[in-house]
Amino acid sequence: MKTKEKKPLPAVPIPNLIGTHGGDPEDNDLREKREKIKEMMKHAWDNYRIYGWGHNELRPIARKGHSTNIFGSSQMGATIVDALDTLYIMGLHDEFRDGQKWIENNLDFSVNSEVSVFEVNIRFIGGLLAAYYLSGEEIFKIKAVQLAEKLLPAFNTPTGIPWAMVNLKSGVGRNWGWASAGSSILAEFGTLHMEFVHLSYLTGNPIYYKKVMHIRKLLQKMDRPNGLYPNYLNPRTGRWGQYHTSVGGLGDSFYEYLLKAWLMSDKTDHEARKMYDDAIEAIEKHLIRKSRGGLTFIGEWKNGHLEKKMGHLACFAGGMFVLGADGSRMDQAGHYLELGAEIARTCHESYDRTALKLGPESFKFDGAVEAVAVRQAEKYYILRPEVIETYWYLWRFTHDPRYREWGWEAALAIEKYCRVTGGFSGVKDVYSSTPTHDDVQQSFFLAETLKYLYLLFSSDDLLPLDHWVFNTEAHPLPVLHLANTTLSRNPAVR
């Protein structure tokens with residue numbers, strides 16, 4: 001096959017990047033904790049390097065590569081791409097260079113492989129863009145754009161709402177078989193905005209921006225039952241699927257990206273902020289409740305009633321409420337700080353009420369049972385970051401020492417129960433004092449869990465939040481002052 005000559009990407013002014021390294025705390029105890037997190041990262045990375053190099057993930061007990069269907073059948077080195085920025089901010093530069101070399105020589109997107117558009121966007125495009133901004137190495141930008149081009153055919157639907165999966169070679173898209181009557185999923189098509197705006201910024205090509213703004217316009221026109229966004233939308237008909245709303249899985253990062261679109265635009269994208277405020281008001285009215293024991297939780301709306309159950313994934317919302325407090329309507333900043341702190345406490349309780357001091361995948365609030373998983377299938381912990389993410393945001397905004405204490409408790413529990421000689425593994429039952437491992441070291445453990453822990457024990461001048469916005473996979477992207485870029489011709493930006 002002849003390869004088309006590619007035009008070089010245009011030179012664009014890189015935003016003023018502040019706080020890309022350092023962050024050493026003055027306190028000795030904090031320094032030791034931070035070094036411990038760095039050592040955990042090195043253990044996870046070194047074992048992946050030995051036993052899983054080039055594979056998407058690692059099976060640390062079997063000591064071999066691992067992949068899930070979200071990455072398709074090919075070896076795309078998901079852990080390498082996902083871990084790059086964490087390695088960089090921790091100062092693990094030899095490891096970073098090893099990853100960069102692999103990407104230069106081996107990362108190939110012209111493979112006959114069906115991948116999740118959402119996962120590949122947040123982990124690969126997000127990871128490559130963050131590595132580019134932090135290090136200035138052009139190869140990361142080039143690879144991010146190559147991959148983005150491969151995702152564009154997913155948008156070829158009657159409505160412009162993308163398919164959940166796309167074949168990187170053929171461009172054929174489809175949806176997950178289990179999703180309500182062939183629907184696309186709110187959190188998946190609603191979690192493209194940050195990365196796609198940056199792609200348009202870096203390439204000068206408006207197509208990426210247009211794709212995500214089209215999704216936004218379509219959503220704005222639709223009726224929302226009780227002001228809530230259902231989790232399923234049919235890309236053929238443009239109608240909602242079953243009425244199920246959640247701030248956990250299937251919904252979560254859609255809301256996060258409305259807020260972060262506003263933050264990333266240097267607070268000029270007022271349309272995104274309005275959509276966020278409207279959505280949060282409806283969520284607070286219909287989904288947020290207090291349990292008998294006084295714990296604030298976010299339930300799920302299913303077929304006309306509230307299910308009193310909260311997922312680990314929904315625990316990110318504590319951090320989101322705090323991040324969105326400044327700029328909230330009718331000066332409710334204090335209210336949202338308080339709400340974020342209450343969610344953090346509930347999620348901490350879900351950890352504290354287990355044998356391992358690690359939280360279950362989801363937990364109930366039924367009568368006497370509070371913040372505890374009931375079904376065996378919900379008792380697992382797969383190295384997830386959301387609770388620690390919320391601790392970090394609350395630490396940054398309040399400097400209340402409890403968040404560092406809680407984060408350290410979680411770090412010690414991960415070290416004690418998830419560390420194995422070949423890396424880190426999830427556990428199948430957090431209520432059992434002799435846990436069984438699931439034998440998977442998730443790429444997000446290196447991208448998110450360890451990064452948020454490291455930042456929690458760093459000073460605030462490392463990746464300050466008025467200059468950086470983290471994508472949903474914890475990849476930091478700089479705030480764009482869009483008034484002086486080619487994107488500013490768009491009225492939404494003006």
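Let's fix one term before anything else: a residue is buried when its relative accessible area is under 20%, exposed when that area is over 50%, and partly exposed in between, using a 1.4 Å probe and protein chains only. This is a predicted model, so local features need pLDDT of at least 70, side-chain atom pairs count only at pLDDT 80 or more, and totals for chains, interfaces and linings use all residues. Residues are numbered from 1 along each chain as its sequence is written, and side-chain values use heavy atoms, with hydrogens and water left out.

A good place to try that term out is His-66. With a relative accessible area of 19%, His-66 is buried. His-66 belongs to strand β2 (residues 64-66); strands here are DSSP runs of E with at least two residues, helices are runs of H or I with at least four, and both are numbered from the N terminus. Contact means heavy atoms within 4.5 Å. Setting aside residues up to four places away in sequence, His-66 touches His-55, Asn-56, Glu-57, Leu-58, Arg-59 and Val-440.

Now for the pocket work, which needs a bit of setup. The search runs on a 1 Å grid over the protein atoms alone: a cavity is a set of points where a 1.4 Å probe fits but cannot get out, while a pocket is an open set with protein on both sides within 12 Å along at least five of seven lines, and lining residues have an atom within 4 Å of a point. Grid points are joined across faces, edges and corners, and a volume is the space filled by probe spheres set on the points.

By that recipe, the largest pocket comes out at about 1,100 Å³. Its lining has 43 residues, and the closest to the centre are Gly-249, Leu-250, Leu-313, Glu-361 and Arg-384. Several elements supply at least two lining residues each, among them α6 (186-189), α9 (252-264), β11 (300-302) and α15 (443-456). The largest share, four residues, comes from α4.

What does the UniProt record add here? Its unreviewed entry puts the annotation "active site" on Glu-119, Asp-252, Glu-361 and Glu-386. UniProt positions are given in the numbering used here, with feature names shortened, and the annotations may be inferred rather than shown by experiment. From this set, Glu-119, Asp-252, Glu-361 and Glu-386 are in the lining of the largest pocket.

Take two of these glutamates in turn. Glu-119 sits in helix α4 and counts as buried at 14% relative accessibility. Not counting residues up to four places away in sequence, Glu-119 touches Ile-70 and Phe-124. Glu-386 is in helix α13, and a relative accessible area of 8% makes Glu-386 buried. With the residues up to four places away left out, Glu-386 touches His-312, Leu-313, Cys-315 and Phe-316. The side chains of Glu-386 and His-312 are also joined by a polar contact of 3.0 Å; that term means a pair of N or O atoms within 3.5 Å, where within protein one must be able to donate a hydrogen and the other to accept it, and residues adjacent in sequence count only if both atoms are side-chain atoms.

Cys-315 leads on to the cysteines. A disulfide is a pair of cysteine sulfur atoms within 2.5 Å, and the count comes to one. The sulfur atoms of Cys-315 and Cys-347 are 2.1 Å apart and form that disulfide. The pair links distant parts of the chain, 32 residues apart: Cys-315 is in the loop between β13 (309-311) and α11 (317-323), and Cys-347 is in helix α12 (residues 333-352). Torsion about the S-S bond of Cys-315 and Cys-347 is about -95°, so the disulfide is left-handed. Both Cys-315 and Cys-347 are buried.

Why is Cys-418 not bonded to Cys-315? The closest cysteine sulfur, in Cys-315, is 16 Å from the sulfur of Cys-418, too far for a bond. Cys-418 is buried as well, at 0% relative accessibility.

One more annotated residue is Thr-472, where the unreviewed UniProt entry places a "binding site". Thr-472 lies in the loop between β18 (468-470) and β19 (476-478) and is buried at 15% relative accessibility. Its side chain makes a polar contact of 2.8 Å with the side chain of Glu-256.

Finally, the enclosed spaces: the whole structure has six cavities of 30 Å³ or more, and the largest cavity holds about 140 Å³.
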